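Here's a quick tour for anyone opening this structure for the first time. Have the view ready and follow along.

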There are 2 protein chains.
Amino acid sequence: MKLYEAVRSSASFRVRIALNLKSLPYESVVLDLRKGAHRSPDYARVNPAQAVPALVDGSHTLAQSMAILEYLDETHPRPPLLPAAPLERARVRGISQLISCDIHPLDNLRVLFRLEKELHLDQSAIDAWYHHWVHEGFRALEQILAEPATGEFCHGDAPTMADCCLVPQVVNAVRFKVDLGSYPRIVHIHEACMRIEAFGKAHPDRQ
Amino acid sequence: MKLYEAVRSSASFRVRIALNLKSLPYESVVLDLRKGAHRSPDYARVNPAQAVPALVDGSHTLAQSMAILEYLDETHPRPPLLPAAPLERARVRGISQLISCDIHPLDNLRVLFRLEKELHLDQSAIDAWYHHWVHEGFRALEQILAEPATGEFCHGDAPTMADCCLVPQVVNAVRFKVDLGSYPRIVHIHEACMRIEAFGKAHPDRQ
């Protein structure tokens, strides 16, 4: 498999973790988003949305990180990224989407660029925007992680799709200096994940 | 089942369509987001993220519209919201997430409120923001819908999860006066969906 990705892209980071958890080797093609590499005509032929990641498996190209995680789980079921029971799967997907739909889309590079270049916000206003959406999401997530179904990880005692989403969001939030003091459960789970090599070797600093 | 929802919330609209497609009766609890009904302590106990929709099934409450669609499909498989083959499922989920992760989160009510109340943008700047993200997403989607796997609907000749996402986004875009002239395939699929009663009776104007 070939992964078109960016080093600091959270969505790419999610897929790297999943590929590592499943011990799937992949060839990496790194795009420099700050230089607009994803906007090239060549890459538009790979992914019309001109976003990373995109995963090439044989003659097929898949886009959207969460769709890729589901695909990897369906085609390489061990170890699973989702539990077996529908209610548990819904909980794991719900946590994943709280991050991938409610936090990350508001704080990714293209949005921060637009705040700066089109709305001419200064850095402190951009930081306030970034922090606001992380805190909105993490406040809810911290409560959800108080449910009994939480264990050493977001759901039970093995990593799931939810942890593949949580870790990149935490790493990104730390980079933007978000104070995580109110989120001990999130921090604890992040630390548990980072003790696993599949997470560690997916970290941006190790690309 | 009981659905906590808002009439014009696209994410609620997705779930209404799915429930109708599967002929599942539900009790509706409508929250007025403009009056902050989702911010009440009572609703925070239903959904810590204080967002709609939330679906109560027996003693369990599910949040996040896309997790709810997957849950409904797993627990009530007929008619399916996803095809059977992993590559096709990935395509349908990819289209769904292009809308639910790349367009909708940037243009929903809480974001438009923040642009107005915190960033003090005027209406024309808010409209420009809204239109920008719809066009970014729809440009890519229109290309994806040129693939052979597209039929009368986003994927083949029966509605899927992708159509449950497409229709609310089109209805929302029309309300915000986005010119859809460059997206004939999107418009065609939207019209095909709206000829189906499951979509029609989920429309905000019929709540």
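## A buried spot in helix 4

A residue counts as buried when its relative accessible area is under 20%, and as exposed when that figure is over 50%. Keep that cut-off in mind, and keep in mind too that this is a predicted model. Take Ile95(B), which sits in helix 4 (residues 86-100) of chain B. Its relative accessible area is 2%, so Ile95(B) is buried.

What is Ile95(B) in contact with, once neighbours within four places in sequence are set aside? The partners are Leu141(B), Ile144(B), Leu145(B), Cys154(B) and Ala162(B). For a sense of distance, try Asp122(B): 27 residues separate Ile95(B) from Asp122(B) in sequence, and their C-alpha atoms are 32 Å apart in space.

## How the two chains relate

Now zoom out to the pair of chains. Turn chain B by 180°, with 0.0 Å of shift along the axis, and chain B superposes on chain A with an RMSD of 0.0 Å. That is the relation of a two-fold axis. Both copies use the same surface, with 100% of the contact residues of chain B recurring in chain A.

Which residue of chain B comes closest to the rotation axis? That's Cys101(B), whose C-alpha is 2.5 Å from the axis.

## Chain A: a strand residue and two helices

Over in chain A, have a look at Glu5(A), part of strand 1 (residues 2-5). Is Glu5(A) buried or exposed? Its relative accessibility is 2%, so Glu5(A) counts as buried. The side chain of Glu5(A) also makes a polar contact, at 2.6 Å, with the side chain of Ser28(A). Beyond its neighbours within four places in sequence, Glu5(A) is in contact with several residues, including Ser12(A), Arg16(A), Tyr26(A) and Val52(A).

Next come two helices of chain A that pack against each other: helix 1 (residues 10-21) and helix 3 (residues 65-75). Their axes are 9 Å apart and the packing angle is about 10°, so helix 1 of chain A is roughly parallel to helix 3 of chain A. Helix 1 of chain A brings Ala11(A), Arg14(A), Val15(A), Ala18(A) and Leu19(A) to the contact, while helix 3 of chain A brings Ser65(A), Met66(A), Ile68(A), Leu69(A) and Leu72(A). Sorted by class, the contact of these two helices has eight nonpolar, one polar and one charged residues.

## Chain B: a crossing and a buried acid

Chain B offers another helix pair, helix 7 (residues 123-144) and helix 9, with axes that come within 8 Å and cross at roughly 80°. That makes helix 7 of chain B roughly perpendicular to helix 9 of chain B. The residues in this contact are Phe138(B), Leu141(B) and Glu142(B) from helix 7 of chain B, plus Pro184(B), Arg185(B) and Ile186(B) from helix 9 of chain B. By class, that comes to four nonpolar, no polar and two charged residues.

Then there's Asp163(B), in helix 8 of chain B. With a relative accessibility of 0%, Asp163(B) counts as buried. A polar atom of the side chain of Asp163(B) lies 3.0 Å from the backbone nitrogen of Cys154(B). Setting aside neighbours within four places in sequence, the contacts of Asp163(B) include Phe153(B), Cys154(B), Ile189(B) and Phe199(B).

## Backbone oddities

Some spots go against the usual backbone habits. Most residues other than glycine have a negative phi, and most peptide bonds are trans. Yet a cis peptide bond joins Arg78(A) and Pro79(A), with omega about -15°. Pro79(A) is in the loop between helix 3 and helix 4 (86-100) of chain A. Another cis peptide bond links Val52(B) and Pro53(B), with omega about 0°, and Pro53(B) falls in the loop between helix 2 (41-46) and strand 3 (54-57) of chain B.

As for phi, Gln64(B) isn't a glycine but has a positive value of about 75°. Look for Gln64(B) in the loop between strand 4 (60-63) and helix 3 (65-75) of chain B; with a relative accessible area of 13%, Gln64(B) is buried. Lys177(B), not a glycine either, has a positive phi of about 60°. Lys177(B) is in the loop between helix 8 (161-175) and helix 9 (184-194) of chain B, and at 70% relative accessibility Lys177(B) counts as exposed.

Terms used
Residues numbered from 1 in each chain as written. Chains lettered and ligands numbered in written order. Heavy atoms only, no water. Least-squares fit on C-alpha atoms with pLDDT ≥ 70 in both. Contact = heavy atoms within 4.5 Å. Helix = DSSP H or I, 4+ residues; strand = E, 2+ residues; numbered from the N terminus. Buried < 20%, exposed > 50% of the residue type's maximum accessible area, 1.4 Å probe, protein only. Polar contact = N/O pair within 3.5 Å; in protein donor to acceptor, adjacent residues only side chain to side chain. Axes fitted to C-alpha atoms, helices over the stretch in contact; angles between N-to-C directions. Parallel < 35°, antiparallel > 145°, perpendicular 65-115°, else oblique. Nonpolar A, V, L, I, M, F, W, Y, C, P; charged D, E, K, R; others polar.
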